[in-house]
Amino acid sequence: MIHINIELNISRNINTDVLVIGGGTSGVFSAISSAMAGAKTVLVEKNSMLGGTVTVANVNFPGLFFAWGKQIINGPCWEAIERVIKLGGATMPDITFKPEKHWYEQIRINRFIYTAVLCEMCQEVGVNTLLNAMITKIEETATGIICYITEKSGITAIYAKKVVDATGDANVIQAGGYPIIKSKTQQPATPQNHISGYNMENVSLSEINSFFKKADFPVYITAEKLISYLRINKIDVHIPCENADTSSGKTKVEFNSLSLLLKIYKFYRQIRGLENIYIDFIAEETGIRETNRIVGENIITAEDYITGITYKDSICYAFYPIDLHVMSGIEKKYHKENIVAKIPYSALIPKNSKHILCAGRCISSDTYANSAIRVQSVCMATGQVAGCAAALSAQKDLFVKDIPYEELCETLKSINAIIPPVVK
Ligand SMILES: Cc1cc2nc3c(=O)[nH]c(=O)nc-3n(C[C@H](O)[C@H](O)[C@H](O)COP(=O)(O)OP(=O)(O)OC[C@H]3O[C@@H](n4cnc5c(N)ncnc54)[C@H](O)[C@@H]3O)c2cc1C
């Protein structure tokens, strides 16, 4: 194997207080919150659209912002949802919480309106947004971080006092040499899609059963599932997912998704009543549930999460059952009545990090806790926390773990975020 080491040819330099990498579910709100807290902020996103999993993977039903009938997550993320509702891009669901029907409280949003609102909000607060750009390499200095970004036109060096990793994959934290962990088996991925062109009444279910015997589907696809997809107009499959934090791992998931969808599509087309079936929508990216988690100053365990323990640095709420997807189904565990989980600030700090914070699904947590805290409202809330903390530590010239907790709470309150009561 030949190893080639080339010097990076830098085409331009940018200086900023805070750099957010990843303009997805959490990162957009890190950037908006950082700018609202008065920091010069740059946001770098690899896609051409803001919103991440919510928009490009079409998982456009964020939850949960309310627990037991009371709002627990507010701030710029809620403002974005309210703007979408006002523009006719969503309707507010009934928020009288019914255990085991928690998804009724998720807010189904139109992804065009949502991504447009995100652009509008970034512009309003002066976030310098760079799309079609990806992190290449980072170097830590005594006072900050140099991030090398690959743009369409070349390599840009961004010097930032503080960086928020909101890539969903801890790509920056990994590049900085901090440890990350992966579950032994990562949760499966799902390509969002929509099928039409048939009437269920005319579909020969007996043909599905008899043709299935001759088909060679993977063991996790059954004839019953093939019938159930038709009823919901969606081929709702789980795709095995391993190392999707890398380009090669992500490519494998995307290819496997398409190949399975195509196989199911071809199978349907030979069945009476399904001759004209077609897939009229597929999300640009397969939805990835899980890749890396950081090893933080504190790790949220499933027990802490489900019992709702209060940390001395509790910084936002989280409310969703433990929701671990496996190839054959979902393992669930619910909070007892009136229990609401909390997230400690220290779970957003990679161990011994001076200038880097994490937001979104890869914050420090064990496998089961992570299956719950990965939901979108919590990603958005941790995004807001990381943005405010990065702004504050840049302004005060402090390491991210040294900012006074009370001041962080004050900054979060100034952007309308909700903070759990403090325990002394
Ligand atoms: C199929 C599926 C169903 C789900 N169901 C629900 C649900 O019902 N309710 C709910 O609330 N949540 C649900 N979730 C969970 C939730 O959608 C995700 O956990 C959450 O959106 C992750 O947010 P994030 O900010 O961590 O990452 P993302 O939203 O993925 O954002 C990461 C961003 O970083 C960018 N990026 C990545 N790497 C780089 C890089 N190297 N350089 C530059 N940019 C980069 C990406 O393009 C992306 O925009 C579901 C997830 C999936 C996949």
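**View 1. The patch where domain 1 and domain 2 meet.** Between domain 1 and domain 2, about 870 Å² of area is buried, with 52% of that coming from carbon and sulfur atoms. Keep in mind that this is a predicted model. On the domain 1 side, the residues that lose the most area to domain 2 are Lys182, Thr291 and Met327, which together make up 52% of what that side buries. In terms of residues, 14 from domain 1 are in contact with eleven from domain 2.

**View 2. The two domains, zoomed out a bit.** The domain assignment splits the protein into domain 1, built from 10-182 + 290-414, and domain 2, covering 193-282. Taken over C-alpha atoms, the centres of domain 1 and domain 2 sit 33 Å apart.

**View 3. The Lys182 and Asp245 pair.** Which residue does Lys182 form a salt bridge with? The partner is Asp245, and the closest N and O atoms of the pair are 3.0 Å apart. The rule finds one salt bridge across the interface of domain 1 and domain 2. Lys182 also shows up among the domain 1 residues that lose the most area to domain 2.

**View 4. Polar contacts and the domain 1 face.** Across the interface of domain 1 and domain 2, six residue pairs turn up in polar contact, both partners being at pLDDT 80 or more. On the side of domain 1 that touches domain 2, α4 (171-175) and β14 (322-326) each chip in at least two residues. Sorted by type, the residues of that side come out as seven polar, five charged and two nonpolar.

Technical notes. Residues numbered from 1 in each chain as written. Predicted model: local features only at pLDDT ≥ 70, side-chain atom pairs only at ≥ 80, totals over all residues. Heavy atoms only, no water. Domains from an automatic or database assignment. Contact = heavy atoms within 4.5 Å. Buried area = accessible area lost by both parts, 1.4 Å probe. Salt bridge = Lys/Arg side-chain N within 4 Å of Asp/Glu carboxyl O. Polar contact = N/O pair within 3.5 Å; in protein donor to acceptor, adjacent residues only side chain to side chain. Helix = DSSP H or I, 4+ residues; strand = E, 2+ residues; numbered from the N terminus. Nonpolar A, V, L, I, M, F, W, Y, C, P; charged D, E, K, R; others polar.
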